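Hi,

Here is the structure I promised to pass on. Have a look at it first, and then read my notes below.

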Amino acid sequence: MRGVPLQELLNEAVRVCADGLNAELCKVLEYQPQDNRLLMKAGFGWHEGLVGVATVGADMASPSGYALHTGKPVISNHLENEERFRTPELLLVHGVRRAINVILQGDGTPYGVLEVDSRSPGEFNEADITFLQAAANLLGMAIERQRHEASLQAALDYHKVLVNEINHRVKNSLQLVAAMINLRAGAAGDPTEVLREASSRIAVIAQAHERLTGSSDIARIDLAAYLGATCKDLAHQMNDCDIEFTAPASIAMPTDRAVRIALILNELVINACKHGFRKGAVRVWVTLKRSEPERMRLVVRDNGQGLPPGLDVANASTMGLRVVTALVQQMGAKLRVETSSAAGTEFVLDCPILAPEA
Ligand SMILES: Nc1ncnc2c1ncn2[C@@H]1O[C@H](COP(=O)(O)OP(=O)(O)O)[C@@H](O)[C@H]1O
Ligand SMILES: [Mg+2]
């Protein structure tokens, strides 16, 4: 019972049970809840080709169905005169005269029924029930072990898939970091500031990993929660800046794309806080919306002094806007900006949620 594959065990069990009860036929029936029938999983003494194919009804009018649903052993010693049950076709065809059925119990739901049948006259008795039920109980344990092993195997398979996906994610993230460092190489700027902004970009990517911890689907991420967390991190990091974030309950987005959106958000919010100041704290409003069927819209607005006159966002040579422009292009998104020294600056990013079909 420890090591033998279940089918072999069942095959052996039907042979032993027929033998033990001095009968010609025996079968293990597995319950198929979807059509309320019992399928022959193992058989001894039956015509060729029935195992895995033949079924009997599992309704209360069949002896096996009765045993299954009530859990009580059923003896029918005179099938031809039986009034409680109808005789299943399978038994008629094989000339069965008497039958004995006991339940095969699993841990939770019953597995099915163990049935011994005979063509000879004579009677099954209480001792036969005791024997057969004991055999069924042993089999039940083996079946349970098998089910348990199958679910462990499924968990293991799932983990293998997950580890692969995680490796893939980590690789993508590191590539993104490397690409941004490359973009930066050679450009001028205050080194402290440069490193601080680089570290905030890496933190944005790390935040995605954080949010995916414990998730069963790491290929997708909830954009609303992710951007919310990014804004929270930024609020910590930027002084004199008040960031307000509004978003719908959730937007599931492919993780690679969501990370890019978060990187854009990071640049825009840092800029708003850094360059937008007038007097006192800058306010930044970040709004995420779902728009036409599969698109999202992200608005980053500040009440600062507005962009310097003549600044061409799409062709700027500075790092932050170059990162933004590159990411916008990669995603097939659109970015427009409205700015004035009176009203501040508003960036509107409009982006398909899913990657365009390759
Ligand atoms: N929200 C904003 N308000 C005012 N000026 C901005 C804003 N966003 C960007 N700018 C201007 O655009 C310039 C380029 O930004 P960016 O490419 O991020 O470089 P950096 O932030 O390193 O200066 C900034 O130096 C700033 O003058
Ligand atoms: Mg910047």
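To start with something you can check on screen: what is the handedness of the disulfide of Cys241 and Cys273, left-handed or right-handed? The torsion about the S-S bond of this pair is about -65°, so the disulfide is left-handed. Keep in mind as you read on that this is a predicted model.

**The cysteines**

That bond is the one disulfide that a search of the whole structure finds. The sulfurs of Cys241 and Cys273 are 2.1 Å apart. The pair ties together distant parts of the chain, with the two positions 32 residues apart: Cys241 belongs to strand S8 (residues 241–246), and Cys273 to helix H7 (residues 255–275). Both Cys241 and Cys273 are buried.

Two other cysteines are worth a click. Cys231 is in no disulfide, and the nearest cysteine sulfur to it belongs to Cys273, 9.6 Å away. With a relative accessibility of 4%, Cys231 counts as buried. Cys351 is in no disulfide either; its nearest cysteine sulfur is that of Cys231, at 17 Å. Cys351 has 0% relative accessibility, so this residue counts as buried too.

**The overall layout**

Zooming out, the protein chain splits into domain 1 (6–152) and domain 2 (188–352). Their C-alpha centres are 66 Å apart.

**Ligand 1**

Next, the ligand. There are 13 residues around ligand 1, and the closest are Asn271, His275, Asp302, Thr318 and Leu321. Two of these bring polar side-chain atoms up to oxygen atoms of the ligand: for Thr318 the distance is 2.6 Å, and for Asn271 it is 2.8 Å. Gly320 takes part through its backbone, where a polar atom is 3.3 Å from an oxygen atom of ligand 1. On its own, ligand 1 has 530 Å² of accessible area, and the protein covers 84% of that.

Ala316 sits in the loop between strand S11 (295–302) and helix H8 (319–330). Its relative accessible area is 13%, so Ala316 is buried. Apart from neighbours within four places in sequence, Ala316 makes contact with Leu321 and Arg322; Leu321 is also among the closest residues to ligand 1.

**Gln207**

Which residues does Gln207 touch, not counting those up to four places away in sequence? They are Tyr226, Ala229, Thr230 and Asp233. Gln207 itself is part of helix H5 (residues 191–212). Its relative accessible area is 10%; anything under 20% is called buried here, so Gln207 is buried.

**Helix H2**

One last stop, in the earlier part of the chain. Helix H2 covers residues 63–70, and its buried residues are Pro63, Ser64, Gly65, Ala67 and Leu68. Which strands do the buried residues of H2 pack against? They pack against strand S1 (25–32), strand S2 (37–44), strand S3 (55–57), strand S4 (74–76), strand S5 (98–104) and strand S6 (112–118). After H2 comes Gly71, which has a positive phi, near 75°.

If you want a short route through the model, I would begin at the disulfide of Cys241 and Cys273, go on to ligand 1 with Asn271 and Thr318, and finish at helix H2.

Cheers

Technical notes: Residues are numbered from 1 along each chain as its sequence is written. Chains are lettered from A and ligands numbered from 1 in the order in which they are written. This is a predicted model: local features need pLDDT of at least 70, side-chain atom pairs count only at pLDDT 80 or more; totals for chains, interfaces and linings use all residues. Side-chain values use heavy atoms; hydrogens and water are left out. Domain bounds come from an automatic or database domain assignment. A disulfide is a pair of cysteine sulfur atoms within 2.5 Å. Helices (H or I, at least four residues) and strands (E, at least two) are DSSP runs, numbered from the N terminus. Buried means under 20% relative accessible area, exposed over 50%, partly exposed in between (1.4 Å probe, protein chains only). A residue is near a molecule or strand if one of its heavy atoms lies within 4 Å of it. A polar contact is a pair of N or O atoms within 3.5 Å; within protein, one must be able to donate a hydrogen and the other to accept it, and residues adjacent in sequence count only if both atoms are side-chain atoms. Accessible areas come from the Shrake-Rupley method with a 1.4 Å probe; for residues, only the protein chains shown count as cover. Contact means heavy atoms within 4.5 Å.
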